[in-house]
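Subject: That structure, plus my notes

Hi,

Here is the structure you were going to look at. Have a scroll through it first, then read on for what I found.

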Amino acid sequence: MTYRSWAALLFLATMACCWMLGSWAGYRTLEKESLEEAFRYSQLVANELNRYRPIPELMAEHPLLESVLRHPNDALRVLQANEEMKKMAQIVGSSDVYLMDSTGFTIAANNYQQDDSFIGRVFDFRPYFKEAMRTGDTAIYFALGTTSDVRGLYFSHPVKTDRGRILGVIAVKVQVNELESQWLRPEALNHAEMVVLDDEGISFLSSRDAWLYRDFEPSSVSTQPNRRYPGRDLAPVDFQSMGRPLGVSNRSMRIQVENDGIDQQYLSVRMPLPQLDWTLQVMIETRQVVWIRLQFLVAGFVLFLGCFLTWLYLRERYKREAELAQRGVVLERRVAERTADLESSNRKLLEEVRQREDAQTELKETQQELIQAAKLAVLGQMSAGLNHEINQPLTAIQAYARNSRRFLERGDASMVDANLMEITSLCDKMAELTRQFKIFARKSEGPPSSVDLRLPVDAALKIISAQEHSEGVSIDWQRPEHAVMCHGDMIRIEQVLVNLIANAIQAVEGRDEPRIHIDIRERDGRWQCRIRDNGPGLPANSEQVFEPFFTTKSMKQGLGLGLSISRQIVDALGGRLTGHNRSDEAGAEFVVTLSKREAVE
């Protein structure tokens with residue numbers, strides 16, 4: 001046989017297996033759905049029974065019932081019992097509540113005012129009466145009302161004396177419309193039907209009106225008179241058993257029922273209901289099985305086609321393996337060449353990265369050297385003032401020393417001691433002045449930390465006071481009383497402030513009343529140190545002053561790097577340096593903004 005013949009036989013076998021598997025899966029799915037619906041409805045019935053079962057027992061404990069059974073001829077007590085049962089029916093939501101004596105004669109009922117009242121009727125033939133009288137416990141029964149011709153569940157319980165003697169029976173009737181309506185809820189299957197059968201196979205609840213009061217077990221019909229369903233012919237249902245499908249349990253059966261002249265096939269599943277001798281029969285149409293079979297056929301066709309195409313692919317693949325192997329060798333050689341090129345490119349890139357890192361490190365070092373050079377330039381500009389500040393104390397020291405020699409010759413030790421104290425004071429003043437310049441000239445070391453912002457302002461003012469140009473300038477330093485802790489570095493902040501204050505002093509030269517104001521304030525959770533002057537102010541573009549080598553001074557007063565370096569220092573500390581013209585009067589205002597820090601104990 002050719003491979004085409006084998007493929008055709010295999011295709012037919014696959015379709016046959018898929019048809020059988022689809023039938024098996026379809027009927028199992030129908031049975032599962034039926035069991036789920038049966039379980040849901042059995043729980044509904046159980047809840048309904050549990051809801052009403054204790055009610056007649058509680059009613060039987062009412063003392064008025066025992067009293068009226070003992071005195072049935074007392075019209076007042078009977079009237080009170082009728083009214084009490086009317087209230088009971090309204091409370092529990094039942095249709096009828098009535099009281100019978102030990103002979104089944106109805107003494108009181110909630111419908112005593114209606115024409116079809118139960119009062120005076122005898123129900124000794126009802127099983128719920130007989131069962132309650134026989135067992136002395138609660139009895140449950142389903143039947144059509146002989147008076148109202150309405151289906152209902154009857155719950156009964158004997159009324160006993162304190163010694164246990166049964167005086168009568170109280171009965172509660174509950175209509176079953178809700179049990180049928182629950183079957184039609186949206187979550188119920190549209191293609192499912194339900195009947196509830198009594199112990200003789202008669203349907204008294206049904207999702208179809210045509211199947212109500214029908215015989216689903218013709219062989220088990222009782223020969224007794226039909227007192228349970230009066231006026232109903234109990235005709236048998238025309239259905240035909242078609243055997244048990246493959247894959248279902250013993251409780252399931254496939255049946256064919258004639259509905260309006262059309263034969264319909266169902267999968268019938270029976271389940272006993274709790275607490276009673278009822279049987280729930282759920283029937284689902286088998287049309288769903290046909291669709292499942294078709295789905296399995298489609299899946300089988302797809303599977304066969306996939307396997308067939310896979311076989312063709314493998315067959316073709318084996319033919320191409322040798323060709324692919326050779327191509328693989330060529331490809332590996334090309335990959336090796338490309339890999340070598342990539343490795344060479346990576347080495348070049350790594351070398352460029354290293355060179356850029358070295359250049360960046362060199363740039364940082366150059367920037368630090370530039371900052372240090374700017375500081376030394378500031379010191380150079382202040383050297384004349386420093387000489388002036390030191391020269392006066394030295395002249396005074398010489399004078400005090402000559403006077404001390406004369407006083408020693410005279411033996412005046414007290415004047416010599418006073419002169420020496422003055423000399424010591426002048427030396428301390430010169431030492432403090434030179435110490436500030438030494439600190440200012442030192443390079444900053446270590447990372448930023450907590451700094452009291454008042455201290456670099458104080459140090460900057462001491463250095464500025466040595467400038468010759470600072471004479472005659474009114475500097476208003478509004479020093480805060482408490483510590484102003486910020487994130488920064490003492491030396492770098494001092495360098496920025498020296499530069500800003502020195503620029504302010506140069507700006508107010510030639511003014512009639514040169515003034516500089518320095519203060520510290522809090523704004524948006526940060527500290528701001530403001531240096532304001534009453535000079536001519538900044539150019540229109542205030543940001544231009546922070547560009548390198550931009551200056552409005554002569555070459556002798558600077559190169560225009562001070563503000564650029566100062567902004568870089570403040571940015572490195574996580575702060576901000578801005579400058580603008582004052583809004584209240586003529587002059588410029590520079591603001592150093594730094595983050596707040598907690599004080600260190």
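Below are my notes, going from the whole chain to the two sheets, the helices on them and a few single residues.

Before anything else: this is a predicted model, so please read what follows with that in mind.

**The chain as a whole**

We have 601 residues, and 41% of them count as buried. The chain holds 12 helices and 18 strands. Looking at contacts between residues at least 6 apart in sequence, 62% link residues at least 24 apart.

**The antiparallel sheet**

Start with the open sheet of 5 strands that runs β2-β1-β5-β4-β3, with antiparallel pairing. Its edges are β2 and β3 (139-144), and each of these pairs on one side only. On average, and with direction ignored, neighbouring strands here are turned by 25° against each other.

Two helices are worth finding around this sheet. Helix α4 (residues 75-92) lies across β1, β2 and β5 (166-174), and runs at about 55° to β2. Helix α5 (residues 127-135) packs on the sheet too, where α5 touches β1, β3, β4 (151-160) and β5. The direction of α5 makes about 140° with that of β5.

The β1/β2 end is a nice place to zoom in. Strand β1 (residues 96-101) and strand β2 (residues 106-109) run antiparallel and are joined by 3 bridges. To get the register, look for M100 opposite T106 and L99 opposite A108. The two strands form a hairpin with 4 residues between them, and G104 in the turn has a positive phi of about 90°.

There is another hairpin further along, made by β6 and β7, with 5 residues between the strands. Strand β6 (residues 192-197) pairs with strand β7 (residues 203-206) in the antiparallel sense over 3 bridges, and L197 stands opposite S203. The turn has a glycine with a positive phi as well: G201, at about 85°.

**The mixed sheet**

Now jump towards the later part of the numbering. Here 5 strands make an open sheet in the order β13-β15-β16-β18-β17, and the pairing is mixed. β13 (474-477) and β17 (576-581) each have a single partner strand, so one side of each is left without a neighbour in the sheet. Neighbouring strands in this one are turned by 15° against each other on average, direction ignored.

Within the sheet, strand β15 (residues 515-523) and strand β16 (residues 526-533) pair in the antiparallel sense over 8 bridges. I518 and I531 stand opposite each other in that pair.

Which strands does helix α10 (residues 454-464) touch as it packs on the sheet? They are β13, β15 and β16, and the direction of α10 makes about 165° with that of β13. Helix α11 also packs on the sheet, touching β15, β16, β17 and β18 (588-595), and its direction makes about 25° with that of β16.

**How α10 and α11 meet**

The axes of these two helices come within 8 Å and cross at roughly 50°, which makes α10 oblique to α11. The crossing is right-handed.

If you want to display the side chains, the α10 part of the contact is L455, P456, V457, A459, A460, L461, I463 and I464, and these meet M490, I493, E494, L497, V498, I501, A502 and I505 in α11. By class that gives 15 nonpolar, no polar and 1 charged residues.

α10 is mostly covered, with 9 of its 11 residues buried. Besides nonpolar names, the buried list includes R454 and D458.

**N499 and helix α12**

One more residue to click on: N499, in helix α11 (residues 490-507). Is N499 buried or exposed? Its relative accessible area is 13%, and the cut-off for buried is under 20%, so N499 is buried. Setting aside neighbours within four places in sequence, N499 is in contact with G562, L563 and S566.

L563 and S566 turn up again among the buried residues of helix α12 (residues 562-572), along with S564, I565, R567, I569 and V570. Just after α12 you will find G574, with a positive phi of about 80°.

That's it from me. Send me your thoughts once you've had a look.

Cheers

How values were computed: Residues numbered from 1 in each chain as written. Predicted model: local features only at pLDDT ≥ 70, side-chain atom pairs only at ≥ 80, totals over all residues. Heavy atoms only, no water. Buried < 20%, exposed > 50% of the residue type's maximum accessible area, 1.4 Å probe, protein only. Contact = heavy atoms within 4.5 Å. Pairing = 2+ DSSP bridges. Axes fitted to C-alpha atoms, helices over the stretch in contact; angles between N-to-C directions. Parallel < 35°, antiparallel > 145°, perpendicular 65-115°, else oblique. Left-handed = near helix turned anticlockwise from the far one by under 90°. Nonpolar A, V, L, I, M, F, W, Y, C, P; charged D, E, K, R; others polar.
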